[in-house]
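Visitor: I am new to this structure and would love a close look at one part of it. Could you pick a spot and walk me through its surroundings?

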Amino acid sequence: MSEHHSHQASHTSEHNHQHGAHDHKHDHGPQGHTHGTIDPSILATKRGLWAIKWSFVGLFATTLVQVVIFYFSGSIALLADTIHNLGDACTAIPLGVAFVLGRRQPSKRFTFGYGRVEALAGVVVVRTILASAIIAGYESINRFLHPKPVGYLWAVAAASIIGFLGNEGVAIFRIKVGREMGSAALIADGYHARVDGFASLSVLFSVIGVWLGYPLADPIIGILMTLLILRIVWESARSVFTRLLDGVDPDVVDQIKHEAKHVEGVEDVSEVRVRWLGHRLHAELNVAVDRELSVEEGHHIATRVRHELLHKLRFLSNAIVHVDPANASGEKYHAVAEHAHDDEHAHSHI
């Protein structure tokens, strides 16, 4: 049989994942069968936009309340928290743009679609968080060096509790939806909102300190909050840039190998490559089969491998399965030895 058999989405097969549950419609036509007819990227995009919209509403409302109270109280700890919450609310804008662009269908120029825009939006989110940390840190240090009285302590305490409740609600919401969608940017933003909530609650300590006669408690809490923000910058950046560099959880690779090896007819699984395209996974792998099989039989095995992977891996949108004969398994057998064309210099393809 041919050494090079590539099985892609030529079966007009679309796989519908509804938050971990499989909703399959098996239509047995000339090409085998077709999965659910709902495009998973469209389904996920609508849910993503829904999450972004309500996160923005919740955080923006929280920020408005804190702005009013800061205006009358002058608490620098509350200012740091307000700036941070405002920055968090603004992250909804680039994420919203990413999800909208993600709805566009692939084109001849962008053949894999526009999922990468979500990773770029994640970079914008990280930069926004970093900017809020710099502003909060500057104002806190300035107030530490030049103390000022804080008024309306009861209102500042109330703003602290409101900030905590608003951020925790948004955090739970974003993390839940982000995990359902497999969106690194949305999950990172959710954990950021959670730490924001604890940062908001820490403003209560500044209120207690000022009430007990320690005015420097206010800027000190502001500085500590800045350090918390910087920690989130690091964690979020690590997650987002891992995606940008095509990094995936090694367990995903192991799971793909495991599922492919257990398909009847597969004798070996060699190269496995996986990457994120937005909130969907794309995989390429080599499987080895009996060298005596026909091309058609090898093709059917590749179809079953792809079918099993789409069933078992929650966020997998496509799998390209390359079939090798068992005596030539792996990319090393695809290298083209050194050769020359007419008057060209000798070269090889590895």
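Guide: Let us start at Trp276, which is buried because its relative accessible area is 10%. Here, buried stands for under 20% relative accessible area, exposed for over 50%, and partly exposed for anything in between, using a 1.4 Å probe and protein chains only. The model is predicted, so local features need pLDDT of at least 70 and side-chain atom pairs count only at pLDDT 80 or more, while totals for chains, interfaces and linings use all residues. Residues are numbered from 1 along each chain as its sequence is written, and side-chain values use heavy atoms, with hydrogens and water left out.

Trp276 belongs to strand E4, residues 268-277. Strands (E, at least two residues) and helices (H or I, at least four) are DSSP runs, numbered from the N terminus. Leaving aside residues up to four places away in sequence, Trp276 touches Arg116, Gly182, Arg243, Gly247, Val248, Leu281 and Phe315; contact here means heavy atoms within 4.5 Å. One of these partners, Val248, is 28 residues from Trp276 along the chain, yet their C-alpha atoms are separated by 7.3 Å.

Trp276 also leads us to a pocket. The second largest pocket has a volume of about 290 Å³, and among its 16 lining residues, Val248, Asp249, Val252, Trp276 and Leu281 are the closest to its centre. Two elements give two or more residues to this lining: helix H7 (217-244) and helix H8 (250-261). H8 contributes the most, with four residues. By class, the lining holds seven nonpolar, four polar and five charged residues. For these classes, Ala, Val, Leu, Ile, Met, Phe, Trp, Tyr, Cys and Pro count as nonpolar, Asp, Glu, Lys and Arg as charged, and the others, Gly among them, as polar.

How is such a pocket found? On a 1 Å grid over the protein atoms alone, a pocket is an open set of points where a 1.4 Å probe fits, with protein on both sides within 12 Å along at least five of seven lines, and lining residues have an atom within 4 Å of a point. Grid points are joined across faces, edges and corners, and the volume is the space filled by probe spheres set on the points.

In the loop between H7 and H8 you will find Asp246. Asp246 is not a glycine, but its phi is positive, at about 65°. With 27% relative accessibility, Asp246 counts as partly exposed.

Now follow H7 to one of its neighbours. H7 packs against H2 at an angle of about 25°, with the axes 7 Å apart. Axes are lines fitted to C-alpha atoms, for helices over the stretch in contact, and angles run from 0 to 180 degrees between N-to-C directions. H2 and H7 are therefore roughly parallel; angles under 35 degrees earn that name, those over 145 are roughly antiparallel, 65 to 115 roughly perpendicular, and the rest oblique. On the H2 side, the contact uses Ile76, Ala77, Ala80, Asp81 and His84, and on the H7 side Asp218, Pro219, Ile221, Gly222, Met225 and Ile229. These contact residues divide into seven nonpolar, two polar and two charged.

H2 (residues 76-90) also meets helix H4 (residues 116-145): their axes come within 9 Å and cross at roughly 170°. That makes H2 roughly antiparallel to H4. Here Ile76, Leu79, Ala80, Ile83, His84 and Gly87 of H2 meet Thr128, Ile129, Ser132, Ile135, Ala136, Glu139, Ser140 and Arg143 of H4. This contact has seven nonpolar, five polar and two charged residues.

Finally, step back to the whole protein chain. The protein chain has nine helices and eight strands, and 47% of its 350 residues are buried. Of the contacts with a separation of 6 or more, 71% join residues 24 or more positions apart. The pair we began with, Trp276 and Val248, is 28 residues apart along the chain.
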